[in-house]
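I opened this model to note its overall layout, its confidence and its surface. My entries are below the display.

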Amino acid sequence: MRLKVEKSFSEPISVRRDVKQGDPLSPLLFNYVMDWVLSELDPQLGVSLEDKWNLNHLAFADDVSHSLPK
């Protein structure tokens, strides 16, 4: 498995553990990891809304994306 960012690919990632589909722990682990990933995004990225807020990512259950730099 590899991660793709724009047109670049990461080094291969070895999956050594898994959680079975339907396991009650699965959504908890997913939410924990996504919270960590989103908290690591550069806060300088994004768009300003009404000069009060900075929107730097949108997270949905089946899709995650972030806005382009200013």
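The entries that follow go from confidence to layout and then to the surface.

Entry 1, confidence. I am working from a predicted model, and I looked up its pLDDT before anything else. The protein averages a pLDDT of 78, with 84% of the residues scoring at least 70. I found the highest confidence in strand 2 (residues 8-9), at a mean of 88, and the lowest in strand 6 (residues 63-65), at 55. Over residues 66-70 the pLDDT falls below 50, although this stretch still has 12 contacts in the model beyond near neighbours in sequence. Where pLDDT is low, the predicted coordinates should not be read in detail.

Entry 2, layout. I listed one helix and six strands, which follow one another along the sequence as β-β-α-β-β-β-β. Turning to contacts with a separation of 6 or more, I noted that 10% of them join residues 24 or more positions apart.

Entry 3, burial and surface. Of the 70 residues, I found that 6% count as buried. The accessible surface comes to about 6,800 Å², and carbon and sulfur atoms account for 58% of that area.

Entry 4, the nonpolar patch. I looked up which residues make the nonpolar surface patch of about 430 Å², and they are Val 47, Leu 49, Trp 53, Leu 55 and Leu 58. Strand 3 (47-49) and strand 4 (53-55) each supply at least two residues of this patch. I then checked Trp 53, which lies in strand 4; its relative accessible area is 51%, so Trp 53 counts as exposed, the cut-off being over 50%.

Technical notes: Residues numbered from 1 in each chain as written. Predicted model: local features only at pLDDT ≥ 70, side-chain atom pairs only at ≥ 80, totals over all residues. Heavy atoms only, no water. pLDDT = per-residue confidence, 0-100. Helix = DSSP H or I, 4+ residues; strand = E, 2+ residues; numbered from the N terminus. Contact = heavy atoms within 4.5 Å. Patch = residues over 30% accessible without salt bridge, like charges linked within 9 Å, V, L, I, M, F, W, Y side chains within 5 Å. Areas by Shrake-Rupley, 256 points an atom, 1.4 Å probe, with all protein chains shown as cover. Salt bridge = Lys/Arg side-chain N within 4 Å of Asp/Glu carboxyl O. Buried < 20%, exposed > 50% of the residue type's maximum accessible area, 1.4 Å probe, protein only.
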